[in-house]
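Please look over the sequence and the model before reading on. The text below goes through one helix, the packing around it, and the empty spaces.

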Amino acid sequence: MGVLDGKIALITGASRGIGRAIAETLAREGADLALCDLQIDWLADTAAAVRALGRRAECFAVNVSQAADVEAGVNAAVQALGRIDILVNNAGITKDGFLARMSEADWDAVIDVNLKGTFLFSKAVGKIMMRQRGGAIVNIASIIGLIGNAGQCNYAASKAGVIALTKSVAKELAGRGVRANAVAPGFIETRMTEVLSAEVRQKMLDAIPMGRFGTPQDVADVVLFLASDASSYVTGHVVTVSGGMVM
Ligand code: NAP
């Protein structure tokens with residue numbers, strides 16, 4: 001028996017990295033899944049892993065920054081799976097650069113995916129959860145949204161926005177039994193971080209009290225807690241998963 005038996009979860013950016021670990025972790029605990037990413041083909045491996053665990057996986061092509069896509073994806077997910085109990089807003093991108101050189105296009109792209117995408121999915125799924133009188137939203141923010149970072153104005157602003165959005169949604173929906181929390185990972189080993197130079201990686205490692213980078217599973221385990229009834233009196237909270245880098 002799993003702690004999510006009978007629950008339906010929708011996860012964005014589920015094809016790899018942290019999103020894939022979240023999908024497998026929620027499935028292992030009994031949830032059936034709606035998996036979203038830019039292209040359905042990219043979700044094949046995650047879907048196969050979920051099905052191997054004996055759970056349902058329905059895949060949807062959704063660009064999280066496009067309102068029409070999000071509306072259609074959420075409707076199709078409800079059609080296929082009946083309801084949505086858990087929403088994990090995980091899709092995210094970086095387009096790093098120093099302020100003086102950052103293009104408007106790079107600013108807009110990061111805000112559109114990370115912040116607007118979280119807004120659009122929270123709005124569409126929030127309505128369903130309010131009607132159901134229950135649900136859990138978990139937004140993947142970042143410690144950079146708490147402390148800022150040189151070269152990541154767009155990313156930091158988007159993730160700080162996600163944290164403020166999470167708290168506002170938590171206040172608005174609490175009366176309908178819907179919780180909203182955020183996870184703020186530190187340096188996690190995924191494709192997003194493998195592009196960083198050896199020098200930057202060493203600098204990060206030196207700043208992590210636990211002396212190691214995080215894994216997607218470290219993040220997924222906290223998402224599981226926030227998505228499950230084990231956190232039924234927790235809302236509007238931000239949990240850092242950073243090996244003590246931010247506390
Ligand atoms: P990743 O490996 O790059 O995965 C991100 C996922 O989001 C990919 O599946 C990507 O699809 C998808 N995605 C990107 N844009 C999308 C869009 N417009 N619509 C739908 N899906 C889209 O990154 P990750 O490291 O697992 O990151 C997951 C989340 O954790 C992000 O929100 C990130 O900001 C956050 N985070 C990561 C770290 C870290 O150290 N890795 C730290 C703090 C926070 P594609 O295959 O098309 O790229």
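What follows starts with a helix, moves to the nonpolar cores and ends with the pockets.

This is a predicted model, in which local features need pLDDT of at least 70 and side-chain atom pairs count only at pLDDT 80 or more, while totals for chains, interfaces and linings use all residues. Residues are numbered from 1 along each chain as its sequence is written, and side-chain values use heavy atoms, with hydrogens and water left out.

Helices (H or I, at least four residues) and strands (E, at least two) are DSSP runs, numbered from the N terminus. Helix α1 has 12 residues and reaches 17 Å from its first C-alpha to its last, close to the 16 Å expected at 1.5 Å a residue; the expected span is 1.5 Å times one less than the number of residues. Nine of the 12 residues of α1 are buried, so the helix is largely enclosed by the rest of the structure. Buried here means under 20% relative accessible area (1.4 Å probe, protein chains only). The buried residues include Ile-18, Ile-22 and Leu-26, and those of α1 pack against β1, β2, α2, β4, β5 and α9. After α1 comes Gly-30, with a positive phi near 105 degrees.

Two of these helix residues return in the largest nonpolar core, which has 32 residues; Ile-22, Leu-26, Leu-33, Leu-35 and Val-183 have the most contacts inside it. Such a core is a set of buried Ala, Val, Leu, Ile, Met, Phe, Trp, Tyr and Cys residues joined through side-chain atoms within 4.5 Å. Helix α9 gives the most to this core, with seven residues. A second, separate core of 28 residues includes Ile-8, Val-113, Met-129 and Val-169.

Turn now to the open spaces. On a 1 Å grid over the protein atoms alone, a pocket is an open set of points where a 1.4 Å probe fits, with protein on both sides within 12 Å along at least five of seven lines; lining residues have an atom within 4 Å of a point. A volume is the space filled by probe spheres set on the points, which are joined across faces, edges and corners. The largest pocket holds about 1400 Å³. Its lining has 48 residues, of which Ile-93, Thr-94, Tyr-155, Met-192 and Thr-193 lie nearest the centre. The second largest pocket, of about 250 Å³, is lined by 19 residues, with Gly-134, Gly-135, Ala-136, Gly-177 and Arg-179 nearest its centre.

Definitions and conventions:
Buried means under 20% relative accessible area, exposed over 50%, partly exposed in between (1.4 Å probe, protein chains only). Contact means heavy atoms within 4.5 Å.
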